[in-house]
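Visitor: I should like to understand the terms applied to this model. Please explain them against their definitions.

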Amino acid sequence: MGTIGDYEAGPPQRPASFMRVALQEAERALGQGEVPIGAVAVMEGRIIGRGANRVIGDADPTAHAEIVALRQAAQKLGNYRLTGVDLYVTVEPCAMCAGAIIQARVDRLFYGAPDPKAGAVDSLHKLLGDDRLNHRVEVTAGILEEESRTLIARFFREKR
């Protein structure tokens, strides 16, 4: 697979392939003492943004993996509207991240494990499909769910 700048290029791949990259980002976050959540933004089969949680390291409550990946994608495209972009996240996004996904006009979200305590896509709220909002996002849950769940569970088990 070739590269475009720092971004991977190649033929369209299956959702699990991109989720594996998001899991690598989550592992990176884990190595930095962050909650292990990773995300990648994909357009036309190319990764145009990557994110690992950086809340602690950046002392920034908005530095969730999804926000980091969306910021990179927007910079790459030179536009805050990310029409045509799919976002892959290891754990169901929170309300802040779901709001950012809507504002960015992301087409599709793929996530791994549900978040019963903070998930705003399916668990606690269903923001991405709310008909009262000006944009709806197609959602596919459960992509590499077990791997995502195991990583986050390991983190919290070791914290206790």
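Visitor: What makes strand β5 and strand β6 a pair, and in which sense do they pair?

Guide: Strands are DSSP runs (E, at least two residues), numbered from the N terminus, and two of them pair if DSSP finds at least two bridges between them. β5 (residues 85-91) and β6 (residues 108-113) have 5 bridges, in the parallel sense, so the definition of a pair is met. Asp86, for example, has Arg108 in β6 as its bridge partner. The model is predicted: local features need pLDDT of at least 70 and side-chain atom pairs 80 or more, while totals for chains, interfaces and linings use all residues. Residues are numbered from 1 along each chain as its sequence is written, and side-chain values use heavy atoms, without hydrogens and water.

Visitor: Why are β4 and β7 said to stand at the edges?

Guide: The open sheet of 5 strands runs β4-β3-β5-β6-β7, with mixed pairing. β4 (46-52) and β7 (138-141) each have a single partner strand, so one side of each lacks a neighbour in the sheet.

Visitor: How many residues line the largest pocket, and what is a pocket?

Guide: On a 1 Å grid over the protein atoms alone, a pocket is an open set of points where a 1.4 Å probe fits, with protein on both sides within 12 Å along at least five of seven lines; lining residues have an atom within 4 Å of a point. By that criterion 23 residues line the largest pocket, with Val35, Val91, Asp115, Ile152 and Phe156 nearest its centre.

Visitor: What is the mean pLDDT of the chain?

Guide: On the predictor's confidence scale, from 0 to 100 for each residue, the chain has a mean of 92, and 92% of its residues reach 70 or more.

Technical notes
Helix = DSSP H or I, 4+ residues; strand = E, 2+ residues; numbered from the N terminus.
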